[in-house]
Amino acid sequence: MPKMKSHKGAASRFSVTSTGKIRRRKANMNHFLGKKSSSRKRNLNNAGLVSKADTQRIRKMLGK
């Protein structure tokens, strides 16, 4: 039986940390940045973590 392929849409959006948590990007950092404060943009720049409710589903899409 062939290997399972990872979901490429998920693979480009999520990465697994060394401790096994799943890292994601935060929304609202693509455009309309002029009206957002510097502190807000700095906070959005930091990667967020996926909630525990979604972790198992995303891990399955990533083939982990």
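Q: How many salt bridges does a search of the whole structure find?
A: The structure is a predicted model. A salt bridge requires a side-chain nitrogen of Lys or Arg within 4 Å of a carboxyl oxygen of Asp or Glu. Searched as a whole, the structure yields one salt bridge.

Q: Which side chains meet in a salt bridge, and at what N to O distance?
A: Both participants belong to helix α3, which spans residues 52–62. They lie three residues apart, about one turn of the helix. D54 is partly exposed, because its relative accessibility is 28%. The side chains that meet are those of R57 and D54, with an N to O distance of 3.0 Å.

Q: In what order do the three strands of the open sheet stand?
A: The pairing within this sheet is antiparallel. β1 (14–16) and β3 (48–49) each have a single partner strand, so one side of each is left without a neighbour in the sheet. The order of the strands is β1-β2-β3.

Q: What angle does the direction of α3 make with that of β1?
A: Helix α3 packs on the sheet, where it touches β1 and β2. The direction of α3 relative to that of β1 gives an angle of about 90 degrees.

Q: Which residue is the bridge partner of R23 in β3?
A: β2 and β3 run antiparallel and are joined by two bridges. The residue in question is found in strand β3, and its contacts beyond four places in sequence are K21, I22, R23 and R24. The bridge partner of R23 is L49.

Q: Is L49 buried, partly exposed or exposed?
A: Residue L49 is found in strand β3. Its C-alpha atom is 15 Å from that of S12, a residue 37 positions away in sequence. Buried residues have under 20% relative accessible area and exposed ones over 50%. Because its relative accessibility is 45%, L49 counts as partly exposed.

Q: Which residues make up the largest nonpolar core?
A: In soluble globular proteins, nonpolar side chains tend to be buried together. Here, the largest such core has six residues. One of them, A10, touches M61 and L62 when residues up to four places away in sequence are not counted. The members of this core are A10, F14, I22, V50, I58 and L62.

Q: Which backbone oxygen does the side chain of K26 reach?
A: K26 is found in the loop between β2 (22–24) and α2 (38–45). Because its relative accessibility is 24%, K26 counts as partly exposed. Beyond four places in sequence, K26 is in contact with N43, L44, N46, A47 and G48. At 3.4 Å, the side chain of K26 reaches the backbone oxygen of N43.

Q: What distance separates the C-alpha atoms of K26 and K60?
A: Along the chain, K26 and K60 are 34 residues apart. In space, the separation of their C-alpha atoms is 21 Å.

Q: What is the phi of N28?
A: Most residues other than glycine have a negative phi. N28 is found in the loop between β2 and α2, and it is partly exposed because its relative accessible area is 48%. Although N28 is not a glycine, its phi is positive, at about 75 degrees.

Q: Is F32 buried or exposed?
A: F32 also has its place in the loop between β2 and α2. F32 is not a glycine, yet its phi is positive, at about 60 degrees. Because its relative accessible area is 56%, F32 is exposed.

Terms used
Residues numbered from 1 in each chain as written. Predicted model: local features only at pLDDT ≥ 70, side-chain atom pairs only at ≥ 80, totals over all residues. Heavy atoms only, no water. Core = buried A, V, L, I, M, F, W, Y, C linked by side-chain atoms within 4.5 Å. Buried < 20%, exposed > 50% of the residue type's maximum accessible area, 1.4 Å probe, protein only. Contact = heavy atoms within 4.5 Å. Helix = DSSP H or I, 4+ residues; strand = E, 2+ residues; numbered from the N terminus. Polar contact = N/O pair within 3.5 Å; in protein donor to acceptor, adjacent residues only side chain to side chain. Pairing = 2+ DSSP bridges. Axes fitted to C-alpha atoms, helices over the stretch in contact; angles between N-to-C directions.
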